[in-house]
Amino acid sequence: MTAVKGSGDGSRVHSNAFKDKSKPADIRASNIQAGKAVADAIRTSLGPRGMDKMIQSANGEVTITNDGATILKQMNVVHPAAKMLVELSKAQDIEAGDGTTSVCVVAGALLEAAEKMLQKGIHPTAISDAFQRAATKSVEIIRGMSVPVNLTDRESLVKSASTSLNSKVVAQQSSLLAPIAVDAVLKVVDPQKPSSVDLKDIKVIEKLGGTVEDTELIEGLVFTQKSAGVNGPKKVEKAKIGLIQFCISPPKTDMDHNVIVSDYAAMDRVLKEERAYILNIVKQIKKTGCNVLLIQKSILRDAVSDLALHFLDKIKVMVIKDIEREDIEFVSKTLGCRPIASLDHFLPENLVNAELCEEMMTGTGKFVKVTGIQNMGRTMTVLVRGSNKLVLEEAGRSLHDALCVIRCLVKEKALIAGGGAPETEVAIKLTQYAQTVTGVDAYCFRAYANALEVIPATLAENAGLNPIATVTELRNRHAEGETTAGINVRKGAITNILEENVVQPLLVTTSIINFATETVRSILKIDDIVNTVQ
């Protein structure tokens, strides 16, 4: 039965009301499209056979990377919903450090699933709540298939680090970088707090020259600058190290004051005073027996003047100047000493003993290496080498991902299979579970389960396999009860992925599922974008 139209402008009101009704749906569609676009942009870089992206910044600087968080961070994203996906990969990077690409790909697939259900007329809030329940169930399933790992089992840790490195540009060197990452993290774990690792205690120094194979783990300190003295010692055995925060240079007046010297006698007096002032400091340094001096960078005046360097060279002290403020904390933690802020505190008991401090040559520059430090703090230094800037930066980022993977295992000591195995397993178990629920939930659970299969499908696609055939075969294997069957990219077939040593930390996968679901839920709940007045 049709309603009779009234005369006048009733019909116009009706059409307006109708238009307003469709607005939330349009906004939602636009948000979902934006989210999917971002996910599609980095889909190709997933997995060991993923492609790399070349990012060119406005000033012409080029970055080559395969790390999802790096790509998205540098992308110029305008749409507010697309920005949420960039934030999502950042959150994953902070929480787990790895899986930054996967988390966006999963979110994109979930958005697509949600879009299909919205078209069927299911209410967004119903979808959102069902997705939340599905995520909780998925995490439960994944926990069920995880294998506990012991931190003393070095082999398992190396396996998971090399899995993370295999999808990077430096995959060939994973056999070298993975043990470095494992050893570095295990050395800085504090026995008092066994479940937390602060990655600030591992300093990754990138130095141009050599190849990635020359990367080394150093128990000690590395300074990227060369020693400041001209004729000073380049190698000091049985070093006594002092870390100072005061300057060995003549004091200056305040910013806007100046001293006017009118005659030669006064000038001579100024120079004499300067000399006496510096000599006094140098004598004090000599008295303590210090032979390696680390000087913090100073803003207002030179940290160490030429005259002071001349004196220090004479008393055979190796000087390393311009240590950045933010590095002071790391240096003092490594040496196990406090920085000395004034000359009165420069006493023998505040110095640190080390076996050896020497200046080393690298390709183009020099650096100073301190080893054999007494009572060394729990810190490590990794010196990454590379033949060009792009490879070097990517090696640094890949190493950071590997360190994060080991940190995840320290936080939550459990491993699961990689290669799309957990996602397929969850998809199958969720579909079975969906048959036990009634109503709209069943639809949503099934859609959620199908969406998770995007990971194995993308892995297969990037490896040049037929995605449909591969995922069907994978599903079949899992249905027969092979929970660890995954895509073996090297052989282009489906094998038991644990035998291939493709493992990843449980925390990475659970946070992928939780974060992606959370983001998709918040995108679904938005029904309007309001621009502010200002």
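## Two pockets to work through

The second largest pocket comes out at about 530 Å³. Keep in mind that this is a predicted model.

**Exercise 1.** Work out which residues and elements line the second largest pocket.

*Solution.* Start at the middle: of the 24 lining residues, A109, E112, K116, N450 and A451 are the closest to the centre of this pocket. Next, step out to the elements. Two or more lining residues come from each of α1 (10-43), α4, α13 (440-452), α14 and α15 (467-479). Finally, pick the main contributor: α4 has the largest share, with 7 residues.

**Exercise 2.** Sort the lining of the second largest pocket by residue class.

*Solution.* Count the nonpolar residues and you get 13. Then add the charged ones, 9, and the polar ones, just 2.

**Exercise 3.** Now do the job for the largest pocket: find its volume, and say which residues lie nearest its centre.

*Solution.* Volume goes first, at about 790 Å³. The lining takes in 44 residues, and G47, P48, T163, S167 and L459 sit nearest the centre. For the elements, look for those giving two or more residues: α4 (100-119), α6 (154-166), α11 (389-411), α14 (454-462), β14 (485-488), β16 (503-505) and α16 (506-525). Of the elements, α6 gives the most to this lining, with 4 residues.

**Exercise 4.** How many nonpolar, polar and charged residues does the lining of the largest pocket have?

*Solution.* Take the classes one by one: 20 residues are polar, 15 are nonpolar and 9 are charged.

Conventions. Residues numbered from 1 in each chain as written. Predicted model: local features only at pLDDT ≥ 70, side-chain atom pairs only at ≥ 80, totals over all residues. Heavy atoms only, no water. 1 Å grid on protein atoms, 1.4 Å probe; cavity = no way out; pocket = protein on both sides within 12 Å on 5 of 7 lines; lining within 4 Å. Points joined across faces, edges and corners; volume = space filled by probe spheres on them. Nonpolar A, V, L, I, M, F, W, Y, C, P; charged D, E, K, R; others polar.
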